[in-house]
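Student: I should like to examine this entry and ask how each description is justified.
Tutor: Please look at it first.

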Amino acid sequence: MSSSLAALVDARISAEVAAARVPQVVLDLDGTLFDNVPRSKAILVDSAHHAFGEGPVESAIRSISETAFEYNPIDTLRKHGIGDEETLDRLREEWAKRFFGSGYLGHDVPLAGAVEASKRWWSAGAELNYLTDRHVPEMFMGTCRSLHDEGFPIGTLRTQLLMKPAFDLNDVAFKITTVPSIRRKGPIVLIVDNDPRVINPLATEVPEAAALMVETLHP
């Protein structure tokens, strides 16, 4: 976030608090507060070991730099020497089973400045709404744990974790339909997401808020 935008958000939070309102900050998780590439890589390494044992597939995945990963990790594998489609299908299936669960969330790493900014906004009086397309049945406990362990404000006054009630609910529709309930608590001053399919309609829905797209992996 640029220094001018940060100053604008800080000033808006201060003004709303001074007016006895609770400013709302809306924050995505994957690719916004957290880098989830380490999670994908750990899952693929374990999946390769489980499916094919210790050997060339596992070694090839281990050798891929995290900076080389694309949004679709299977495309990454294909571009780094794993070309057999049957092997890729097996790895895709294993990755999907594990990525959308709590077991590997501890591999996620906060993006630079994410914890500090979240703490600053919360300490200034804003309410943090973690609005994510993760789903409650399989990912709630791991998400709470990773937010807490990495130092994000969570489980306390003026924090809310908003997750999809079911996996197959459309990600974009869920976020858009959740905005009115956030708005009722106070004016939304900032929306941060890494997906243009989300940030564009949210910016239209809440024109009074600053909308920030984090330039990380996205569809």
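Student: What share of the contacts between residues at least 6 apart in sequence join residues at least 24 apart?
Tutor: The share is 71% in the protein chain, where contact means heavy atoms within 4.5 Å. This is a predicted model, in which local features need pLDDT of at least 70, side-chain atom pairs count only at pLDDT 80 or more, and totals for chains, interfaces and linings use all residues. Residues are numbered from 1 along each chain as its sequence is written, and side-chain values use heavy atoms, with hydrogens and water left out.

Student: Why is the protein chain called as compact as a globular protein of that length?
Tutor: The globule rule (2.2 Å times the number of residues to the power 0.38) is set against the radius of gyration, taken over C-alpha atoms. The radius is 19 Å, close to the 17 Å that the rule gives for 219 residues, so the description applies.

Student: What makes Ala210 and Leu212 in strand β7 differ from Ala211 and Met213?
Tutor: Strands are DSSP runs (E, at least two residues), numbered from the N terminus. Along β7 (residues 210-213) the side chains alternate: Ala210 and Leu212 point to one face and are buried, whereas Ala211 and Met213 point to the other and are not. Buried means under 20% relative accessible area (1.4 Å probe, protein chains only). Of the 219 residues in the protein chain, 48% are buried.

Student: How do you know that strand β6 and β7 pair?
Tutor: Pairing requires that DSSP find at least two bridges between two strands. Strand β6 (residues 188-193) and β7 have four bridges, in the parallel sense. The bridge partner of Asp193 in β7 is Met213.

Notes. Buried means under 20% relative accessible area, exposed over 50%, partly exposed in between (1.4 Å probe, protein chains only).
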